[in-house]
Amino acid sequence: MTQLTPQQERLLFLAKVVRREIKHLQSTDNRLFAQPLTLALVAQLDSDEDLAERVEAFISRFGRLQDTLGDKLLPNLLAFVGERTATAVDNLDRAERLGWIKSSDSWMETRKLRNQMVHEYIEAPEVLADAINLGHERVADLIYAATQMLTEIESRISGNFLI
């Protein structure tokens, strides 16, 4: 049996984490957006504990997947495939060039969106409603990026090791 390198073990661990985070984000996204998320619903967050928990879970899981992909998986994967890692923006530009993300600019906008969802949570219901709805639209981009990176890992590390 072939021994994995520490770098391969790290990538496989991160791949497992990303798969789990995708599953949780999709589940929460489906539950939160089973009906349109309107400003009227967002205005009820203080009195609707179930909705508030779904919103919190969506924001948390959205941010967690983006963080795991951009801050952990991407730099490790770039190093593994022999690319130089640098600043987050440089790493995103490389990921775009390699086809792992659709657009580095869009990724940065999604990052700002994530921050907006977190920081506007209490202050402005209309801003929060817009941000969460846009986040819902961007879930597909996060899953696309995750799938591209996971596919790259699977193509480079024997399938025998993948869980």
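Throughout these legends, two residues are in contact when heavy atoms of theirs lie within 4.5 Å. The model shown is predicted.

**Figure 1. Welcome to the whole chain, a protein of 6 helices and 0 strands.** Reading along the sequence gives the pattern α-α-α-α-α-α. The C-alpha trace spans about 55 × 30 × 20 Å along its principal axes. Of the 163 residues, 42% count as buried. Take the contacts between residues at least 6 apart in sequence: 72% of them join residues at least 24 apart.

**Figure 2. Here is the surface of the protein, with its charged side chains.** The accessible surface comes to about 8800 Å², and 49% of that area belongs to carbon and sulfur atoms. The protein carries 19 positive and 25 negative side chains, with the centres of the two sets 9 Å apart.

**Figure 3. Now step inside, to the largest nonpolar core, which has 47 residues.** Phe58, Leu69, Ile132 and Met149 are the residues with the most contacts inside this core. At least two core residues come from each of helix H1 (6–32), helix H2 (39–42), helix H3 (49–80), helix H4 (88–97), helix H5 (104–119) and helix H6 (125–156). H3 provides the largest share, 13 residues. In soluble globular proteins, nonpolar side chains tend to be buried together.

**Figure 4. A closer look at Phe58 and the residues in contact with it.** Neighbours within four places in sequence are left aside in this view. Phe58 is in contact with Leu25, Thr28, Asp29, Leu32 and Phe33, and also with Met117. The remaining partners to look for are Ile132, Gly135, His136 and Val139. One of these partners, Ile132, is, like Phe58, among the residues with the most contacts inside the largest nonpolar core.

**Figure 5. Meet Glu21, a buried residue that has no salt bridge.** Glu21 is found in helix H1. The nearest side chain of opposite charge is Arg64, 4.8 Å away. A salt bridge requires a side-chain nitrogen of Lys or Arg within 4 Å of a carboxyl oxygen of Asp or Glu. Leaving aside neighbours within four places in sequence, Glu21 is in contact with Arg64, Leu65 and Thr68.

**Figure 6. The last close-up turns to Thr68, a residue of helix H3.** Is Thr68 buried or exposed? Thr68 is buried because its relative accessible area is 4%, and buried means under 20%. Beyond its neighbours within four places in sequence, Thr68 is in contact with Val17, Val18, Glu21 and Leu73. Glu21, the buried residue of the previous view, thus appears here again as a contact of Thr68.

Note on methods
Residues numbered from 1 in each chain as written. Predicted model: local features only at pLDDT ≥ 70, side-chain atom pairs only at ≥ 80, totals over all residues. Heavy atoms only, no water. Helix = DSSP H or I, 4+ residues; strand = E, 2+ residues; numbered from the N terminus. Buried < 20%, exposed > 50% of the residue type's maximum accessible area, 1.4 Å probe, protein only. Areas by Shrake-Rupley, 256 points an atom, 1.4 Å probe, with all protein chains shown as cover. Lys, Arg positive; Asp, Glu negative; His and termini not counted. Charge placed at Lys NZ, Arg CZ, Asp CG, Glu CD. Core = buried A, V, L, I, M, F, W, Y, C linked by side-chain atoms within 4.5 Å.
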